[in-house]
Amino acid sequence: MLVIDSLQKRYPNSDVALKGVSLELRAGEVVGLIGPSGAGKSTLIRCVNRLVTPTAGRIALDGVDLAHVSGRGLRRARRQIGMIFQEYALVERLTVMENLLSGRLGYTGFWKSWARRFDGNDIARAFELLDRVGLAGMENKRADALSGGQRQRVGIARALMQQPRLLLVDEPTASLDPKTSRQVMRLIMELCAERGLAAIVNIHDVVLATQYLPRIVGLKSGEIVYDGPASGMDAVVLTRIYGDEDWSAITRNMQTNAAQDGALEDEVVESPLQQERASGTAALLALDSGHLSAGNTKPLMAAQVVTP
Ligand SMILES: Nc1ncnc2c1ncn2[C@@H]1O[C@H](COP(=O)(O)OP(=O)(O)OP(=O)(O)O)[C@@H](O)[C@H]1O
């Protein structure tokens with residue numbers, strides 16, 4: 001579904017950041033992008049969502065060449081792409097719900113967005129996603145009142161609001177503690193599997209990458225020097241990507257994680273609605289319809305769980 005072919009990027013007055021990168025992702029395939037600082041990982045991700053214009057090459061998303069679209073075509077193509085950021089990129093003074101609904105801005109007209117008039121279906125989808133990421137009941141909390149892990153869950157839910165086909169994930173765990181990092185990685189993997197989403201995950205933590213991401217792409221100085229299974233990451237490959245180092249501690253950790261395979265599972269965050277579903281009770285999410293009216297930042301109607 002994503003074909004990157006001979007992609008090059010030269011920044012003005014700078015070295016070449018990408019030197020003919022080629023990469024293919026199937027629908028639902030998740031790839032970990034690793035490499036030393038300055039290798040070109042962010043540039044690659046930014047070329048795909050066209051925050052950066054490539055110098056040469058092709059980026060085809062479901063057949064549409066992202067490297068050469070502009071205007072309306074680019075806006076339409078970007079709707080297929082969800083972004084998740086290291087620093088979450090939430091609007092701090094807005095509520096969780098308002099942050100989620102901002103993920104629909106690609107579809108909602110400017111004046112409707114400005115007046116905070118959102119579609120009832122969008123509000124229903126936001127509630128469903130909040131429930132799925134373990135944040136049910138938190139829709140009226142301000143973003144600046146959340147923990148880092150909760151913020152990242154909002155960031156993930158927001159990225160899914162526009163029902164993308166591809167996720168671009170930029171250092172999703174860099175600001176999180178080890179346990180929360182694992183929960184966030186697991187959540188991203190689960191969501192991709194459930195929804196058939198392809199994803200490129202730019203990540204510095206090699207051990208975390210090989211624990212959760214089945215395929216690893218290693219970039220060095222703007223070139224792919226490894227593209228293969230996580231299980232193939234050994235000291236030789238690490239040296240090829242990062243240069244000489246004593247990799248024994250890292251490879252030991254990777255082997256330990258592979259051997260434990262699932263034994264590290266920590267508790268799943270279950271919302272009341274998920275618990276309700278798990279207990280077999282048919283639940284219907286009933287929304288009091290309505291919208292956020294102009295200038296009104298009053299809490300949205302809470303979702304009600306109605307058992308028939
Ligand atoms: N806006 C820019 N203008 C000029 N050069 C840039 C720009 N952005 C990146 N570069 C250069 O392009 C190269 C690749 O940078 P990039 O940020 O893509 O690497 P990275 O692998 O994401 O690094 P990091 O892991 O530190 O974020 C570097 O040499 C960098 O200095």
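## A buried asparagine in helix H3

Asparagine 99 has a relative accessibility of 0%, so this residue counts as buried. In this predicted model, asparagine 99 belongs to helix H3, which spans residues 96-101. What does the side chain of asparagine 99 reach at 2.7 Å? The partner is the backbone nitrogen of valine 91.

Beyond its neighbours within four places in sequence, asparagine 99 is in contact with Leu90, Val91, Leu94, Ala143, Val154 and Arg158.

## Arginine 151 and its partner

Let's turn to a charged residue. Arginine 151 sits in helix H6 (residues 148-161). Is arginine 151 buried or exposed? Its relative accessibility is 15%, and the cut-off for buried is under 20%, so arginine 151 counts as buried.

The side chain of arginine 151 makes a polar contact of 3.0 Å with the side chain of glutamate 92. Setting aside residues up to four places away in sequence, arginine 151 touches Tyr88, Leu90, Glu92, Ala143, Asp144 and Leu146.

## The ligand site

Now for the ligand. Its surroundings include Tyr11, Ser14, Ala17 and His204, along with residues such as Pro36, Lys41 and Thr43. Sorted by class, this shell holds four nonpolar, seven polar and one charged residues. Which element gives the most to the shell? That is helix H1 (residues 41-48), with three residues.

Several atom pairs may be handy if you are checking a pose. A nitrogen atom of the ligand lies 3.3 Å from a polar side-chain atom of serine 14. An oxygen atom of the ligand is 2.5 Å from an N or O atom in the side chain of serine 37, and a polar backbone atom of glycine 40 is 3.0 Å from an oxygen atom of the ligand. On its own the ligand has 640 Å² of accessible area, of which the protein covers 59%.

## Two nonpolar cores

In soluble globular proteins, nonpolar side chains tend to be buried together. Here, the largest nonpolar core has 55 residues, and Ile156, Leu167, Leu213 and Met233 are those with the most contacts inside it. Helix H7 (residues 178-195) gives the most to this core, with seven residues. Isoleucine 156 is in contact with Ile84, Val133, Val184, Leu187, Ile188 and Leu191, leaving aside its neighbours within four places in sequence.

A second, separate core has 29 residues, including Ile4, Val31, Val48 and Val52.

## Valine 21 in strand S2

Strand S2 (residues 16-25) contains valine 21. With a relative accessible area of 1%, valine 21 is buried. How far apart in space are valine 21 and serine 6, given that 15 residues separate them in sequence? From C-alpha to C-alpha the distance is 4.9 Å.

Serine 6 is also among the contacts of valine 21 outside its neighbours within four places in sequence, and the others are Ile4, Asp5, Leu7, Leu44, Leu219, Gly222 and Ile224.

## Positive phi in two loops

Two backbone angles deserve a look. Aspartate 62 is not a glycine, yet it has a positive phi of about 50°. This aspartate 62 is found in the loop between strand S4 (56-61) and strand S5 (64-65). At 41% relative accessibility, aspartate 62 is partly exposed.

Serine 221 also has a positive phi, near 45°, in a residue other than glycine. Its loop runs between strand S9 (215-220) and strand S10 (223-229). Serine 221 has a relative accessibility of 39% and therefore counts as partly exposed.

How values were computed. Residues numbered from 1 in each chain as written. Predicted model: local features only at pLDDT ≥ 70, side-chain atom pairs only at ≥ 80, totals over all residues. Heavy atoms only, no water. Near = heavy atom within 4 Å. Polar contact = N/O pair within 3.5 Å; in protein donor to acceptor, adjacent residues only side chain to side chain. Areas by Shrake-Rupley, 256 points an atom, 1.4 Å probe, with all protein chains shown as cover. Helix = DSSP H or I, 4+ residues; strand = E, 2+ residues; numbered from the N terminus. Nonpolar A, V, L, I, M, F, W, Y, C, P; charged D, E, K, R; others polar. Buried < 20%, exposed > 50% of the residue type's maximum accessible area, 1.4 Å probe, protein only. Contact = heavy atoms within 4.5 Å. Core = buried A, V, L, I, M, F, W, Y, C linked by side-chain atoms within 4.5 Å.
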